Amino acid sequence: MKDQSERRRQMVADHVARRGVRDPRVLDALETVPREVFVPDHLVELAYEDAPVPLEHGQVVSRPVLVGWMAEALNLRPGDRVLEVGTGSGYTAAVLSRIVASVYTIERYPDVAERARTRVEGLGYGNVFVRSGDGSLGWPDQAPFDAILVEAGAPQIPQALREQLAVGGQLLVPVGETPRTQRLLRVVRLSESRFAEQDLGAVRFVPLTGEAGFGEKVSTRRAPRPLPTTPAQWIEMAAEPFRDIDSADLQPILDRIGDARVVLLGEATHGTCQFYRMRARITQALVERRGFNLVAVEADWPDAARIDHHVRDLDRPPATWKAFARFPTWMWRNAETAAFVEWLRGWNGARPRKERASFHGLDLYSLFTSIEAVLDYLDDVDPEVANIARERYGCLMPWQDDPATYGRAAVTGAYAGCEDAVAAMLTELLARREDYAAADGDRFLEAAQNARVVANAEQYYRVMYYGARASWNLRDRHMFDTLQTLLGARGPGAKAVVWAHNSHIGDARATEMGGGGELNIGQLCREAYGDEAYLVGFGTDHGTVAAASFWDGAMEIKHVRPALRDSYEGLCHQSGVRRFFLPLRDADEALREQLLGPRLNRAIGVIYRPETELQSHYFQSVLPRQFDEYIWFDETSAVRPLSTVEVGPDLPETWPFGY
Ligand code: SAH
């Protein structure tokens, strides 16, 4: 027995207090009540794990942390009379009875109620009264109650329970339209007729049956399942499933995102329809409901600027070059992106200019289009400086078709190099900020960023000569700096959504990249913003993807091989849940432990080589450290690339893709 009380103390410290439950009377009660009495004999070993334990009829004994959290939320006082709906094992009632004067508890299954009664009586807890019946109607004979706790999910707040609250008393009830996920609501009775409601967050309880519940037909009868033993089963338990992208309930992920200023949405490939569509939906919600006003994607700055002009309806001279016309064209020139772009334009259309959300490219592969853009700008605002710029940038012009060769020639001394020229141009442009920005701040920002892209890209191609790591780091730093510049330019309330590959977004320190000295934008955001950066990864098992076989190759629709069994993707697939959100930041310790790995994780870029998949596309990572959340689509399909023909003649001239 001594041993058990020690384990109980440990459980309260590790799983309850550490998770933020502070009320000493609640912690005391949890340390006092012998939880092992309330779990079935063969599961006694689990009594002090932080886990729900299965009961008869497919029900469960609540997790200690949940009991603690709810008891604390009820602000109980010693003299209170409490009603509990959903006795189950009787554990929660027993804990509450150590805090208040009396606990009335109702359970729909007579046999379950009977066993609970035997347990509390056996412990000598004389202030617990158990009854079987339909708790959705309350316990009118004993009303009013100072506090009411419902431990099963209701379709709406049961009217009878409101009425049985004493004035000043409060009710906690999980409410959700479907029987499987709910929001925990707090209802406080302010006077005879006035009630206040508050949403305490997402929870998952078994359905409330009965008249004010889901009726008697609702099936709660999932055969009692043993607790998970494999990582895939843990994923199944923790996963929040959704049926399709359009109907998925985004409230829970928005709650988890909370007040974050930067939300990074990844992708496991550069050519999967579902990743684009889900990112678009989440981004729309962030723009509409959370005031996000910047969308920054892994695309070239001048090309994305074309989209920005379109979505913010900015008046810009027509350009002579096509946006997103270089390899890999399908990455942004696709139906999924176009749909999002049109949505954003529509959203912005109804808003004053200052409040419109903008769209930007973070990448630095646009050496020559950026040069052109700087020249175009200067031709307009300062033709004299334009001539100087032409001369300076002329140094790079011989290498238009092959900037990598420039890098090699400059490094080996075969060519003088243009480093000083491009740096001087950037400095010069920035020095004229006051003059230029006075006329049009947005346009200046755009041109200055193009000059920065030229300077960094010039360096990128030189550094490439020394190896992949240095150039990768330079690129991700550039993306991060660009994001910072954008947030800075938008002012203190600015909030950004970033779309880029998982390999840029998942914290590099949690992957083998980090071990090799590589960093990425996800890591830099975490370092800069802490919990105000929310990193979301996406994954898939099998399906089709748009990708090329080699750099500059044509786009093909390729089959994605089913994931390797022991990879993270393999585990998600084995969970049997086809589409889900998997919250990782505040996940159960047990789940995190199961997923600590490291394990293989798959990355498909613009090139996919299924024949050599293991060497080319898998790398080691620790998923729960890499991302704050992971979104899973078991089966996926390729993005739908746009061709010139499909775009159609009725679209405006400013159409971002440059037709
Ligand atoms: N607090 C319990 C767990 C409750 S599980 C513990 O710690 O063990 C939810 C319980 O609510 C189940 O036992 C289920 O049978 C019961 N229940 C569901 N609908 C009910 C209703 N309308 N009236 C009473 N009990 C109900």
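This is a short walk through a predicted model of a protein chain with a ligand.

Hi everyone, and thanks for coming. Please keep in mind throughout that we are looking at a prediction. I'll begin with the whole chain, then go to the ligand, then to the disulfide and what surrounds it, and end with a few single residues.

So, the overall picture. The protein chain has 659 residues, and 57% of them are buried. Its secondary structure comes to 26 helices and 20 strands. If you lay the C-alpha trace along its principal axes, it spans about 90 × 55 × 45 Å. The chain exposes about 27,400 Å², with carbon and sulfur atoms supplying 50% of that area. Here is one more number for the fold. Take the contacts between residues at least 6 apart in sequence: 71% of those join residues at least 24 apart.

Now let's turn to the ligand. How many residues surround the ligand? There are 24, and the closest are Ser89, Glu107, Gly135, Glu151 and Thr209. By type, that shell divides into 8 nonpolar, 11 polar and 5 charged residues.

Some polar atoms are worth finding on your screens. Threonine 92 has an N or O atom in its side chain 2.9 Å from an oxygen atom of the ligand. Glutamate 151 places a polar side-chain atom 2.7 Å from a ligand nitrogen. With threonine 209, it is a polar backbone atom that sits 2.8 Å from a nitrogen of the ligand. And how much of the ligand does the protein cover? On its own the ligand has 580 Å² of accessible area, and the protein covers 99% of that. Strand 2 (60-61), helix 4 (91-97) and strand 4 (102-107) are the elements that each give two or more residues to the shell.

Next stop, the disulfide. The structure holds 1 disulfide, and it joins cysteine 395 to cysteine 418, with the sulfurs 1.9 Å apart. The two cysteines are 23 residues apart, in distant parts of the chain. Cysteine 395 is in the loop between helix 13 (383-394) and helix 14 (403-411), while cysteine 418 is in the loop between helix 14 and helix 15 (419-431). In general, a disulfide is a covalent bond between the sulfur atoms of two cysteines. Why do we call this one left-handed? The torsion about the S-S bond of cysteine 395 and cysteine 418 is about -85°, so the disulfide is left-handed. Both cysteine 395 and cysteine 418 are buried.

For contrast, look at cysteine 572, which is in no disulfide; the nearest cysteine sulfur, that of cysteine 273, is 20 Å away. Cysteine 572 also counts as buried, at 0% relative accessibility.

Let's stay with helix 14 for a moment. Its buried residues are Pro403, Tyr406, Gly407, Ala409 and Ala410. What covers those buried residues includes helix 12 (367-381), helix 15 and helix 17 (441-463). Just after helix 14, you can find glycine 413, with a positive phi of about 85°.

Helix 17 brings us to glutamate 458, which lies in that helix. Is glutamate 458 buried or exposed? Its relative accessibility is 1%, so glutamate 458 counts as buried, the cut-off being under 20%. A polar atom of its side chain lies 3.3 Å from the backbone nitrogen of glutamate 419. Leaving aside residues up to four places away in sequence, glutamate 458 touches Leu367, Leu396, Tyr406, Cys418, Glu419 and Val422. Two names there are already familiar: Cys418 from the disulfide and Tyr406 from the buried residues of helix 14.

Now compare proline 641, in the loop between strand 20 (629-636) and helix 26 (644-647). At 30% relative accessibility, proline 641 counts as partly exposed. Its C-alpha atom is 30 Å from that of glutamate 458, and the two residues are 183 apart along the chain.

My last residue is threonine 269, in the loop between strand 11 (262-265) and helix 9 (273-290). Threonine 269 counts as buried, at 1% relative accessibility. Its side chain reaches the backbone nitrogen of glycine 271 at 2.9 Å, and a polar contact of 2.5 Å joins it to the side chain of threonine 272. Setting aside residues up to four places away in sequence, threonine 269 touches Phe275, His501, Val545 and Ile604.

That's the tour. Thanks for listening, and I'm happy to take questions.

Conventions. Residues are numbered from 1 along each chain as its sequence is written. This is a predicted model: local features need pLDDT of at least 70, side-chain atom pairs count only at pLDDT 80 or more; totals for chains, interfaces and linings use all residues. Side-chain values use heavy atoms; hydrogens and water are left out. A disulfide is a pair of cysteine sulfur atoms within 2.5 Å. Helices (H or I, at least four residues) and strands (E, at least two) are DSSP runs, numbered from the N terminus. Buried means under 20% relative accessible area, exposed over 50%, partly exposed in between (1.4 Å probe, protein chains only). A polar contact is a pair of N or O atoms within 3.5 Å; within protein, one must be able to donate a hydrogen and the other to accept it, and residues adjacent in sequence count only if both atoms are side-chain atoms. Contact means heavy atoms within 4.5 Å. A residue is near a molecule or strand if one of its heavy atoms lies within 4 Å of it. Accessible areas come from the Shrake-Rupley method with a 1.4 Å probe; for residues, only the protein chains shown count as cover. Ala, Val, Leu, Ile, Met, Phe, Trp, Tyr, Cys and Pro count as nonpolar, Asp, Glu, Lys and Arg as charged, and the others, Gly among them, as polar.
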